[in-house]
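Please look over the sequence and the structure below before reading on. The paragraphs that follow start from a single side chain and work outward from there.

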Amino acid sequence: MAESLRRLIHNETCRILQEKLERWYKDYHINSCDQNLTRCCEIMELNSMIQGQLFTILNQTCQEGGHYAGVEIIKSRLLPWLGSCFSSPAPGRPFETTSSLLQESLEKDRMLRELANSRNHEIQQLEKELNATRLELSFVKQDLAEAQLALEDTKAKSATTLLAAEDEIVQLKADLKASQAKEECALINLERLNEYEHQLQTLKDEIAVLSAHKSVLKSNRSPSPLPMRSFSPGRARLTNASRHARLVERFSDIYAQERLDAQTLLRSYIDDLEMVQRIIYIAAVESFQAAKRAFRQFKIRVRKTLSLSYSGSESLEDMVMDYIIRQEDLYDVQSSVSEVIRAMNINPKISFPPEVDFIMISGLIRELCRVAFSMQTLDPPLDISFGTDGELFSEYKYRRSYDSEFTAPLVAYHVWPALMEEDCVIVKGEAVTRRGALWSHRRRSRSRSRSRSRSLSPLSRSAGYSRHVVK
């Protein structure tokens, strides 16, 4: 009996039963009906286990007291209690089985408590995160509302600024149009004034030259020197280097602008691009030749005139050149243009439709003649290179055109001459290289000579062109 009682004490079943009752009482109002019934059944099972152990101890105690020991106690206390429908655990159930069931129940209860605690902890963490998220969301909503207000304010200000800017733009456009109109009027007046001044200066220079000739014819003695101060001194003050740079740049501009304009105009009458480029190249060559001849003649006349009145320390050649530089406007460029057109009309390398004439590119020829004449006043003078069809291509003088055969060694024809200063190339020309260029050149020359023998005269071609050109 003492051993069974010791086991009951060590199992602490009574204490566990008391703790279960207290927890049930504490959670009774928050538990569901099923949970309360489950707790009640667990407590009844635990209580029945304790009662079973107590009945075992009771039986052992009675056996120790003898056959009739404790009869009165059993009758007076146990039997009335048993009569109140109390049922003990199944008889014959061993104490060890009851103890193991109790341990399993305790272990399950502990696991349930741990699981509940874990779940509660997780719920608390989630609630904290949810609260933090809600707080952050409220901040975001507040920032969004502030940004919306700022955006509306910016839109209102931008609309006002845009309206003001549009009004200002309209006003500026009106002012710009008025300024452009005034500028155009001023430019027109300036061009007219420059033209009048140019004509006036030309007349003054011609009067001065005629006066000099008249004085020479009237008297055998030396006439008074030419009034050099009456001529415009601006151009004479330009240094040789500055005039050199200006003329080289002008030559390049003619290649880039006037040449392309003339090529476009010719292509409207001639479909053959090669023929158009040949015409322009020959026009450039003939323009330089005519300008150089005109320069030599003009220089001879000036030297003859100045030699009659020259009596200074400066050399006569310097005086002549200075006079020519000052009086380049006296150059009769129209005579050179007519001379170039006559030379092109009889050139066997080019042909032209009979209804038009080379006068249609007179603008290009005039500019080339002016530049070529001015280049003769430089020291040393500038000239163009001499080129022939079928010659060996020189990388030093020319660059190949885009439609050339880049492996061909011979020049089929020239597009633009190279600008030379003595033996040095200042500006490269342009040439077309093709294989078999020499044989092709000879064959085309024979065909052109036969076709030109059947063409109309230059006079009839000039008359035909006058019907197509608007003056």
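Leaving aside neighbours within four places in sequence, which residues is Arg 259 in contact with? In this predicted model, the contacts of Arg 259 beyond that window are Ile 254, Ile 280, Leu 364, Val 415 and Trp 416. Arg 259 belongs to helix α6, and although this arginine is buried, it has no salt bridge. The nearest side chain of opposite charge is that of Glu 430, at a distance of 4.6 Å, whereas a salt bridge would require a side-chain nitrogen within 4 Å of a carboxyl oxygen. The side chain of Arg 259 does, however, reach the backbone oxygen of Tyr 255, at 2.9 Å.

One of the contacts of Arg 259, Trp 416, leads into the nonpolar interior. With residues up to four places away in sequence not counted, Trp 416 touches Phe 251, Ile 254, Tyr 255 and Arg 259, together with Ile 280, Tyr 281, Ala 284, Leu 368, Tyr 398, Gly 429 and Glu 430. Trp 416 is also listed, with Leu 266, Ile 279, Met 344, Ile 361, Ile 365 and Met 375, among the residues that have the most contacts inside the largest nonpolar core, a set of 54 residues. Two or more residues of this core come from each of the helices α6 (240-267), α7 (273-309), α8 (316-326), α9 (333-345) and α10 (362-375), and α7 gives the most, with 16 residues. A second core, separate from this one, has seven residues, including Trp 24, Leu 46, Ile 50 and Leu 106.

The strands can be taken next. Three of them form an open sheet in the order β1-β4-β5, with antiparallel pairing, and its edges are β1 (383-384) and β5 (424-427), each of which pairs on one side only. Between β1 and β4 (residues 419-421) there are two bridges, and Asp 383 has Met 420 as its bridge partner in β4.

The loop that lies between β1 and β2 (398-400) contains Phe 393. Is Phe 393 buried or exposed? Phe 393 counts as buried because its relative accessibility is 11%, which is under the 20% limit. Not counting residues up to four places away in sequence, Phe 393 touches Tyr 398, Arg 399 and Arg 400, then Pro 409, Leu 410 and Val 411, and also Ala 431 and Thr 433. Phe 393 and Val 432 are 39 residues apart along the chain, and their C-alpha atoms are separated by 9.1 Å.

Note on methods. Residues are numbered from 1 along each chain as its sequence is written. This is a predicted model: local features need pLDDT of at least 70, side-chain atom pairs count only at pLDDT 80 or more; totals for chains, interfaces and linings use all residues. Side-chain values use heavy atoms; hydrogens and water are left out. A nonpolar core is a set of buried Ala, Val, Leu, Ile, Met, Phe, Trp, Tyr and Cys residues joined through side-chain atoms within 4.5 Å. Buried means under 20% relative accessible area, exposed over 50%, partly exposed in between (1.4 Å probe, protein chains only). Helices (H or I, at least four residues) and strands (E, at least two) are DSSP runs, numbered from the N terminus. Contact means heavy atoms within 4.5 Å. Lys and Arg count as positive and Asp and Glu as negative; His and the chain ends are not counted. A polar contact is a pair of N or O atoms within 3.5 Å; within protein, one must be able to donate a hydrogen and the other to accept it, and residues adjacent in sequence count only if both atoms are side-chain atoms. Two strands pair if DSSP finds at least two bridges between them.
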